[in-house]
Amino acid sequence: MFGQVSVFPVFNDSATTESQVASDSETQGLPVPFIVGVARSGTTLLRLMLDAHPEMAIPPETGFIPAALSAYQASENPQRDFFQAVVQFATWDDANISAAEYRAALDGLRPFTFSGGVRTFYRLYASRHGKHRWGDKTPLYALHLPEIAAALPEARFLHLIRDGRDVTLSVRPLWFAPGQDIQSLARDWKQRIETTRELSGRARNYLEIRYEDLVRDPERELTKVCQFIDLPYDPLMLLYYRNAEGRLSEVKTRYREDGSVLISKTERLFNHRFTASPPQASRIDRWKNQMTEEEKREFLGVAGKLLKALGYET
């Protein structure tokens, strides 16, 4: 989730012409939401809200697109190496798709393309849940907007932004935190948001949403999101929490390369425990009471200008 901020090379499918990509996109025919942002900014909340829609299925974080693109472009056997990159990625088990089923579906693509291979993954996932539309929620894709937009012209990016001080409080205890000191956490939050906003100029369809607005008035914000992705508004999205535990239970324990546990399924579910309840306004502005005055000053020293530009209290 966290790590060094970098931008992946822009998509360049040497085996796929622009007309082939456009044709594949027209076959799909519907906009696809990609929920991105700094981790712990409410991306899982928005994922579950959209996933509660009768037409839309959004899997747990995928993350494989940059690795699969690299494997595809460097390979003499693009389909084989694309498949291996996807099914060997750390998140593959969370999708609960049979590797054999996915391989067979890829074999049916004529010709095989990177774009088609990515769409096939999501279509299989959506069909498992009896739905015909799909999306994605992977915070780190915020750093890969141009290549995703090039590969999937139907992609529409939803950038969820949350007050960086509350993000800091939420992420600091977690295994993927970029540091423990306020300055490192503030710097990471600032850099990721600024990079995403810069890349958005090369991604065509891009919308920013504030976590605080989504919590305070979810119906208004979801109406805005549905208009952006051409999805009929459905009030079931407001009841996402009724099925949140079941939807989140897809995730598995994650292991390091040496076989030791990186994070257990129980811990992963615990990190998203608040999604089993309606939006909680108490999750907003926690920094006012839970940060020391020195921590507040340190955060402002690094990211105060961005907070102010985003309209947050400084």
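Let's start in helix H12, where Glu221 and Lys224 sit three residues apart, about one turn of the helix. Helices here are DSSP runs of H or I with at least four residues, strands are runs of E with at least two, and both are numbered from the N terminus. The side chains of Glu221 and Lys224 meet in a salt bridge, at 3.2 Å from N to O. By salt bridge I mean a side-chain nitrogen of Lys or Arg within 4 Å of a carboxyl oxygen of Asp or Glu. Glu221 counts as buried because its relative accessibility is 2%, whereas Lys224, at 33%, counts as partly exposed. The cut-offs are under 20% relative accessible area for buried, over 50% for exposed, and partly exposed in between, with a 1.4 Å probe and protein chains only.

A word on the model before we go on. It is a predicted one, where local features need pLDDT of at least 70 and side-chain atom pairs count only at pLDDT 80 or more, while totals for chains, interfaces and linings use all residues. Residues are numbered from 1 along each chain as its sequence is written, and side-chain values use heavy atoms, with hydrogens and water left out.

Back to the charges. The structure holds 22 salt bridges. As a general point, side chains of opposite charge can pair when their charged atoms come close. One of these bridges is between Glu61 and Lys137, at 2.8 Å from N to O. Glu61 lies in the loop between strand S2 (56-57) and helix H3 (65-74) and Lys137 is in strand S4, so this pair ties together parts that are 76 residues apart in sequence. Are these two buried or exposed? Glu61 counts as buried at 18%, and Lys137 is buried too, with a relative accessible area of 4%.

Then we have Asp188 and Arg192, whose side chains form a salt bridge at 2.7 Å, N to O. They are four residues apart in helix H10 (residues 182-199), so about one helical turn separates them. Both are buried. There is also a network: Arg47, Asp51, Arg128, Arg247 and Glu250 are joined by salt bridges that share partners.

Now, Lys137 leads us to the sheet. Which strands make it up, and in what order? It is an open sheet of four strands, ordered S4-S1-S5-S6, with parallel pairing. S4 and strand S6 (206-210) are the edge strands, each pairing on one side only. For two strands to count as paired, DSSP has to find at least two bridges between them. Strand S1 (residues 32-36) and S4 run parallel and are joined by two bridges, and Ile35 stands opposite Lys137 in S4.

Just past S4 comes Thr138, in the loop between strand S4 (136-137) and helix H8 (145-151). With 4% relative accessibility, Thr138 counts as buried. What does Thr138 touch, leaving aside its neighbours within four places in sequence? The contacts are Ile35, Val36, Glu61, Thr62 and Gly63, where contact means heavy atoms within 4.5 Å. Glu61 is the salt-bridge partner of Lys137 that we met earlier.

On the S6 side, our opening helix returns. Helix H12 (residues 218-228) lies across strand S5 (155-161) and S6, at about 170° to S6. For that angle, axes are lines fitted to C-alpha atoms, for helices over the stretch in contact, and angles run from 0 to 180 degrees between N-to-C directions.

Last topic: the rings. The structure holds 17 aromatic pairs. Rings of Phe, Tyr and Trp (its six-membered ring) pair if their centres lie within 6.5 Å; planes under 30 degrees apart are stacked, over 60 edge-to-face, and the rest tilted. Tyr102 and Phe121 have ring centres 6.2 Å apart and planes at 80°, so that pair is edge-to-face. It links distant parts of the chain, with Tyr102 in helix H6 (residues 99-107) and Phe121 in helix H7 (residues 114-128), 19 residues apart. Tyr102 is buried at 0%, and Phe121 is buried at 3%.

Both also belong to one aromatic cluster, whose members include Phe34, Trp92, Tyr102, Phe121 and Phe157.

Finally, two arginines over rings. Arg162 lies over the face of Tyr211, 4.4 Å from the ring centre, and Arg273 lies over the face of Phe270, at 3.8 Å. The criterion is NZ of Lys or CZ of Arg within 6 Å of the ring centre and within 35 degrees of the ring normal.
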